[in-house]
Structures are given as C-alpha cells and as structure tokens.
Amino acid sequence: MENIFKQVEKNIDELVTNNVDWSVCASEKELLEARSGKLKLRFMDREIPDEWLGDIKGKRVLCLAGAGGLQAPLLACAGAMVTVIDISEKMLDRDREIAKREKLSMDIIKGNMCDLSMFGDGYFDHIINPLSLMYVPEPYAVFKECYRVLKKGGVFIMAAPCPINYVCDYVEDENGGYYKAVHKMPYFSKDHDDSDWIEYGHSMETYLGGLIRSGFIINGYAECQMEDITELYFMARAIKCGDIY
Ligand SMILES: C[S@@+](CC[C@H](N)C(=O)[O-])C[C@H]1O[C@@H](n2cnc3c(N)ncnc32)[C@H](O)[C@@H]1O
C-alpha cells in the first residue's frame, strides 16, 4: 500500500511540474474578494454553493488533499483557521508561496489523507476535500477518519469523479470515433495499462454509501460536466449530526 502512495506522490509531483490545470492558484482578485467577505470557492469549474460553506470566519477548516494554492489561501483570507494536508510537496509549495506573499497563517502539512491520527476527535468545524479520492483504494477509510476529526455539527464537503469517467473508453472509427462502455466498476488503472499512473474509479455506492455508513447525513449534492462530456464530477455536502443510530 505504501508503494501505491509513493507512486501517486511521484505522479502528482510530475503533473504539477508540468503545470496541470488543477494546480492553478487563487488569483489576487479572488484573494482580495475573500478578504472583503466575498469568498467564492470552487472545485475545478464548479463553485461550491455559498450556503454549503456558511460563515467560516474563525472556524477550524481542514483542506484535505487540498493543496495547490486554491482553496486553502482563500479560506485563510476569509478568516478561517486553515490546515492543509497533501501528499505532494510540489502542491504544498503553492500554498507556502501564497501564504508567504499574502502573510497568511496556515498549517501546511505533508501527509496522507488516509491517516489523520495527528488530530484529536472533534477538532475541525469543516473539511474541504477536492477531487482526490480517485487516488485512494478505500474512500471509506478516509470518511471514517473525517467523521472522527469533525465536531458534532461539522461539515464535510467533497468532490469526486462519477463512475462514467471510468466505464467508457474512446473507440476510433471512420466517422471520428465514439465512447463505448467497456469497464465494470470498480476500476483500477493498473488492471488496464502498464504505465505508472494510479487511479481508482469508485462507484457512487462507495462514495455516497460510504459517507452514510460512516455516520454522515448527506444534505447537498451537485454535478459538473467538463468540456469532455464523459468527464463528470459530483460534489456532496455531509454533516456529522452525532449519535443518530
Ligand atoms: C486534483 S488535485 C486537487 C487539488 C486542487 N486544489 C483542486 O482544487 O482540485 C488532487 C490532490 O490530491 C492530493 N492527493 C492524492 N492522494 C493523496 C493522499 N493519499 N493523501 C493526501 N493528498 C493526496 C494530490 O497531491 C493533489 O494535490
């Protein structure tokens, strides 16, 4: 398992060196607006609804697998006490640079989202988890830990790719080609090619069912379709309500 995460770290670092689109940092305009009370957070192309976040001023927020200089600095500008954890030093460097330039105080930690043992129970008010669970074999292990480190009433906001991203392959033909459903879920990249890329396609049952099984109540759901029409992401908002069972 350790090898899997080492390989993910290497893969991500390489992408960041090549300026992959999701390593684009928050703009100075966005940072300024966040400071003046107009915080806008997004996962890829889709904004997180304002009502999902609520007032985060003074709240303890964990950006889980959330480095890259986008969400964490904006949350800090809006007055949250931010911790960011990520497996990639290069992604974390983006946050370090912005924190230094903007004089923001953030805890920036290199770590694995599957292991939150450095935090006590009920430590955070919010957890923001951008698209990243496709690099983890078992999202349920992450959800359980998130549930533990959130306060009662705490909010977990996540995004992840929908299964359609993994079910289809592009088939070329004389008319230009088409997508065909060829893979069964769950999907693991290593079962289909010999490259070093590691990615898991999880079912919606794994994602939404896993949140529910961990004790969360899901109270928000939205989707975002990217330019390539098979690239579909969802985001969910879940709350730790306490002892409900
Ligand atoms: C698509 S990027 C998301 C970050 C970006 N800020 C965004 O808005 O989309 C996925 C992130 O997950 C991180 N990641 C992948 N596996 C991880 C793990 N096991 N633990 C912590 N971070 C991980 C990657 O290093 C990368 O920064």
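Me: What covers the buried residues of α8?

Reply: The cover includes α6 (139-149), β7 (150-161), β12 (216-225) and β13 (232-240). Contact is counted when two C-beta atoms, placed from the backbone, lie within 7 Å. Helices (H or I, at least four residues) and strands (E, at least two) are DSSP runs, numbered from the N terminus. Please keep in mind that this is a predicted model, where local features need pLDDT of at least 70, side-chain atom pairs count only at pLDDT 80 or more, and totals for chains, interfaces and linings use all residues. Residue numbers start from 1 along each chain as its sequence is written.

Me: Which are the buried residues of helix α8, and why are they said to line one face of the helix?

Reply: In α8 (residues 204-213) they are Thr-206, Tyr-207, Gly-210 and Leu-211. Buried means 20 or more other C-beta atoms within 10 Å of a residue's own, exposed means 12 or fewer, and partly exposed is in between. Seen down the axis of α8, these buried residues fall within an arc of 115 degrees, so they line one face. The arc is taken from the directions from the helix axis to the C-beta atoms. An α-helix has 3.6 residues a turn, so residues three or four places apart point the same way. Just after α8, Gly-215 takes a positive phi of about 115 degrees.

Me: What makes β7 mostly covered?

Reply: Nine of the twelve residues of β7 are buried. Strand β6 (residues 124-129) runs parallel to β7, and five bridges join them. A pair of strands needs at least two bridges found by DSSP, so β6 and β7 do pair. Within this pairing, Asn-129 stands opposite Met-158 in β7.

Me: Which residues of the largest nonpolar core touch the most other members?

Reply: Of its 63 residues, they are Val-61, Cys-63, Leu-74, Leu-75, Val-82 and Phe-156. The largest share of this core, seven residues, comes from β7. Such a core is a set of buried Ala, Val, Leu, Ile, Met, Phe, Trp, Tyr and Cys residues joined through C-beta atoms within 7 Å. Leaving aside neighbours within four places in sequence, Leu-74 is in contact with Ala-26, Glu-30, Leu-31, Ala-34, Leu-39 and Leu-41.

Me: Why does Met-44 count as partly exposed?

Reply: Met-44 has 15 C-beta neighbours inside 10 Å, which lies in between the two cut-offs, so partly exposed is the right label. Met-44 sits in the loop between β1 (42-43) and β2 (46-47). Its phi is positive, about 50 degrees, although Met-44 is not a glycine.

Me: How do you know that Lys-103 is exposed?

Reply: Lys-103 has 7 other C-beta atoms within 10 Å, so it meets the exposed limit. Lys-103 lies in the loop between α5 (89-102) and β5 (106-110), and its phi, near 55 degrees, is positive in a residue other than glycine.

Me: And what makes Lys-6 count as exposed?

Reply: Lys-6 has 12 C-beta neighbours inside 10 Å, and the rule accepts 12 or fewer, so Lys-6 is exposed. Lys-6 is found in helix α1.

Me: Which residues come nearest to the ligand?

Reply: Of the 25 residues around the ligand, Ala-65, Gly-68, Ser-88, Ser-132 and Tyr-135 come nearest. A residue is near if its C-beta atom, placed from the backbone, lies within 6 Å of the molecule. α1 (2-17) and β4 (81-86) are the elements that give two or more residues to this shell, and α1 gives the most, with three.
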